[in-house]
Amino acid sequence: MSAATRRLTTAQALVRFLSAQYTERDGVRRRLVAGTWGIFGHGNVAGIGQALVEYAEVMPYHQGRNEQAMVHAAVGYARQLNRLSAQAVTTSIGPGATNLVTGAALATVNRLPVLLLPGDYFASRVADPLLQQLEHPVEADVSVNDTLRPVSRYFDRVTRPEALIPSALNAVRVLADPAETGAVTLALPQDVQAEAYDWPEEFFAERVWSVRRPAPDPVELAAAAQAVRAARRPLVVAGGGVHHSEAEEALRAFVDATGVPVASTQAGKGSLRHDHPADLGGIGHTGTAVSDELARTADLVIGVGTRYTDFTTASGTLFQNPDVRFLNVNVTGFDAHKLAARTLVCDARTGLEQLAGALAGHRVEPSYETEYRAGKERWERVVETAYRADDDTAVPTQTQVLGALDAVVGDADVVINAAGSLPGDLHKLWRARSPRQYHLEYGYSCMGYEIPAALGVQQAAPGTPVWALVGDGTYLMNPTEIVTAVQENLPVKLVLVQNHGYASIGGLSESVGAERFGTAYRHRADDGTFTGAPLPVDLAANAASLGMEVLRAKTVRELRNALAEARACDRPTCVYVETDPAPTAPPAEAWWDVPVAEVSAREAAVRARARYDSEVAGRRRHL
């Protein structure tokens with residue numbers, strides 16, 4: 001080895017390189033790739049696996065049980081740290097690699113960084129076909145890792161050691177870029193991983209990647225300020241970009257100065273504290289009555305860091321003012337231009353600060369403030385009714401579970417959810433007390449996200465109580481990382497809500513004429529028919545068998561006590577509660593488009609189609 005080079009395997013070089021990468025924003029420096037999750041098999045055990053042993057002092061390793069779950073854990077970690085630090089995930093070839101696809105899609109949809117390092121076939125083709133190799137009849141260079149291309153923001157197959165240098169640099173560039181970030185995949189042929197090469201020492205030098213805060217164009221800023229001044233009923237829609245940019249204080253200052261109210265997407269909830277007089281809660285299909293009422297009459301919608309999903313826009317039916325216009329503050333031009341909006345393509349915090357400066361002295365009409373504050377007070381009474389339990393000895397409803405948890409958590413606690421009926425209830429009812437408390441993955445709404453994501457959040461915020469809210473359907477999808485929580489001594493708190501079926505899709509199925517088919521867990525009798533009896537499945541016992549401390553609660557009083565005990569516990573703890581399945585959350589305040597059968601011999605579907613035709617007539621194209 002010369003003074004200018006270092007002889008390492010490709011895998012060793014990659015681990016050393018990653019350990020020297022940092023991000024910096026506002027003078028704060030963090031490790032870009034702070035650790036690596038891994039499950040080993042042929043394809044990575046002798047390459048990345050050996051390298052992680054070689055350099056354990058600079059690259060922490062975390063053992064997972066399911067490849068998809070490892071990605072979820074890494075995503076939870078990155079989101080908790082506002083995308084300024086990430087984790088890597090390494091897998092074998094074959095099923096280990098394809099198990100990454102769902103997690104990669106979730107990361108990219110939500111604009112959250114994660115580095116994927118799946119093994120791949122021999123680049124030299126000396127062993128062909130390899131165990132678990134996909135043989136494509138006309139494209140010999142295709143492997144199962146190509147399934148990761150459409151769900152990755154950057155993808156490369158590193159077929160020679162020296163090719164790692166530009167590939168690794170591009171990978172970390174994308175991970176650290178606030179506009180481009182998402183899943184990044186480096187597919188690593190197993191022979192190349194183990195091959196030695198003389199690497200230039202400069203490759204391992206410490207690099208700091210500046211996370212930009214681009215400022216708005218002056219012309220766009222002036223037009224935006226003019227649009228706000230001309231609006232009589234402006235409304236801010238706060239998305240996840242508010243949190244990613246750490247723009248919460250800038251948003252509060254903007255609102256305090258102008259009086260413009262704020263409604264939040266699932267990713268943006270908590271941008272203002274729930275008790276701020278201008279915070280109207282969630283918006284869209286799962287939004288509050290006050291948010292959706294104002295959205296229907298708003299003449300200017302100011303989207304800050306939002307993607308405008310169909311839940312937010314009520315599938316194009318929410319913003320009904322004939323004169324409504326949009327102003328979007330977003331770090332990506334792709335999102336900023338949605339709904340034919342005026343654009344401020346910039347960092348959310350910088351954009352809000354400069355827009356507030358350009359609006360100095362401007363404030364909405366007092367009557368508008370009076371109107372939305374009265375609507376907020378009315379909705380607070382709805383929340384109190386949903387949370388209230390008049391009989392402490394009764395079986396709790398799902399909304400009473402949320403009320404009991406609301407009474408126990410502190411401002412710094414993190415509450416995680418992703419799928420089922422809980423996201424709708426939380427978006428309407430949860431009182432977010434801090435920017436990071438409300439952690440809803442609703443871009444991909446992936447069942448099985450909550451438990452592994454809680455591990456990542458707990459790693460990112462040691463000492464913080466982290467709660468994973470999980471229904472029975474989601475629990476059955478992906479409970480295995482409980483073992484990882486026990487192994488890593490991560491004291492996550494699991495609230496396992498058992499209602500014996502897919503409550504959310506059951507309700508949706510009924511509303512679209514599918515008659516709740518296939519959405520309940522029912523026992524099959526000897527004659528082949530399904531009875532209404534629940535299955536004899538004990539999920540609490542399952543959680544205990546995986547190593548969790550389990551607290552069973554049968555009544556509202558027992559639930560409150562169990563949640564308080566769990567919060568104080570210093571090891572992974574599960575609160576198990578069977579709920580009254582009757583829905584108690586307020587109904588949807590806005591529509592969501594799920595197409596209904598246009599023709600059917602069943603009356604339920606015929607009625608549902610008539611309702612559908614009525615609702616779809618209200619859709620608008622905002623041009």
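In strand E12, Pro234, Val236 and Ala238 point one way while Leu235 and Val237 point the other way, and all of these residues are buried. The model is a predicted one, and in it strand E12, made of residues 234-238, is mostly covered, with five of its five residues buried. On one hand, E12 pairs in the parallel sense with strand E15 (residues 300-304) over five bridges, and within this pairing the bridge partner of Val237 in E15 is Gly303. E12 is also joined by three bridges to strand E13 (residues 262-264), the two running parallel, and here the bridge partner of Val236 is Val262 in E13.

Strand E13 also holds Ser264, which counts as buried because its relative accessible area is 1%. Once its neighbours within four places in sequence are left aside, Ser264 is in contact with Ala238, Lys269, Asp279, Gly281, Gly282, Ile283 and His427.

Another buried residue is Leu318, which is found in the loop between helix H12 (310-313) and strand E16 (325-330). Is Leu318 buried or exposed? Leu318 is buried, since its relative accessible area is 0%. Apart from its neighbours within four places in sequence, Leu318 is in contact with Ile283, Gly284, Asp292, Ala295, Arg296, Thr312, Thr313 and Ala590. The C-alpha atoms of Leu318 and Val345, which are 27 residues apart along the chain, are separated by 24 Å.

**Two open sheets**

One open sheet of six strands follows the order E5-E4-E6-E7-E9-E8, with parallel pairing. Its edge strands are strand E5 (61-63) and strand E8 (154-157), each of which pairs on one side only. From one strand to the next, the twist averages 20°. Helix H3 (residues 67-80) packs on this sheet and touches strand E4 (33-38), strand E6 (86-91) and E7, while the direction of H3 makes about 170° with that of E6. Within the sheet, strand E7 (residues 114-120) pairs with strand E9 (residues 183-189) in the parallel sense over five bridges, and Val114 stands opposite Ala183 in E9.

A further open sheet of six strands has the order E19-E18-E20-E21-E23-E22, again with parallel pairing. Strand E19 (438-440) and strand E22 (549-553) stand at its edges with a single partner strand each, so one side of each is left without a neighbour in the sheet. Neighbouring strands of this sheet are turned against each other by 20° on average, direction ignored. Strand E18 (residues 414-417) and strand E20 (residues 466-471) pair in the parallel sense over three bridges, with Val414 standing opposite Val466 in E20. Helix H16 (residues 398-408) lies across E18, E20, strand E21 (493-498) and strand E23 (573-578), running at about 175° to E20. Helix H23 (residues 556-568) lies across E20, E21, E22 and E23, and runs at about 160° to E22.

**A covered helix and a surface patch**

Helix H1 (residues 10-19) is mostly covered, for nine of its 10 residues are buried; among them are Ala11, Leu14, Val15, Phe17 and Leu18. On the surface, by contrast, Phe40, Val45 and Tyr61 form a nonpolar patch with about 240 Å² of accessible area together. Val45 is found in the loop between E4 and helix H2 (48-54), and with 46% relative accessibility Val45 counts as partly exposed.

**Salt bridges**

Side chains of opposite charge can pair when their charged atoms come close. In this model the count comes to 40 salt bridges, and the table gives some of them.

| Pair | Closest N to O distance |
|---|---|
| Arg349 and Asp26 | 3.4 Å |
| Arg149 and Asp146 | 2.5 Å |
| Asp390 and Arg388 | 3.4 Å |

Why does the salt bridge of Arg349 and Asp26 tie together parts that are 323 residues apart in sequence? Arg349 lies in helix H14 (residues 348-358), whereas Asp26 lies in the loop between strand E2 (21-25) and strand E3 (28-31), so the pair joins parts separated by that stretch of chain. Arg349 is partly exposed at a relative accessible area of 22%, and Asp26 is likewise partly exposed at 44%. Both belong to a network of salt bridges that links Arg25, Asp26, Arg213, Glu246, Asp347, Arg349 and Glu353.

In the other pairs, Arg149 is partly exposed with a relative accessible area of 42%, whereas Asp146 is buried with 16%. Asp390 is exposed with a relative accessible area of 71%, while Arg388 counts as partly exposed at 45% relative accessibility.

How values were computed
Residues are numbered from 1 along each chain as its sequence is written. This is a predicted model: local features need pLDDT of at least 70, side-chain atom pairs count only at pLDDT 80 or more; totals for chains, interfaces and linings use all residues. Side-chain values use heavy atoms; hydrogens and water are left out. Two strands pair if DSSP finds at least two bridges between them. Helices (H or I, at least four residues) and strands (E, at least two) are DSSP runs, numbered from the N terminus. Axes are lines fitted to C-alpha atoms, for helices over the stretch in contact, and angles run from 0 to 180 degrees between N-to-C directions. Contact means heavy atoms within 4.5 Å. Buried means under 20% relative accessible area, exposed over 50%, partly exposed in between (1.4 Å probe, protein chains only). Patches are made of residues with over 30% relative accessible area and no salt bridge: like charges are joined within 9 Å, nonpolar side chains (Val, Leu, Ile, Met, Phe, Trp, Tyr) within 5 Å. Accessible areas come from the Shrake-Rupley method with a 1.4 Å probe; for residues, only the protein chains shown count as cover. A salt bridge is a side-chain nitrogen of Lys or Arg within 4 Å of a carboxyl oxygen of Asp or Glu.
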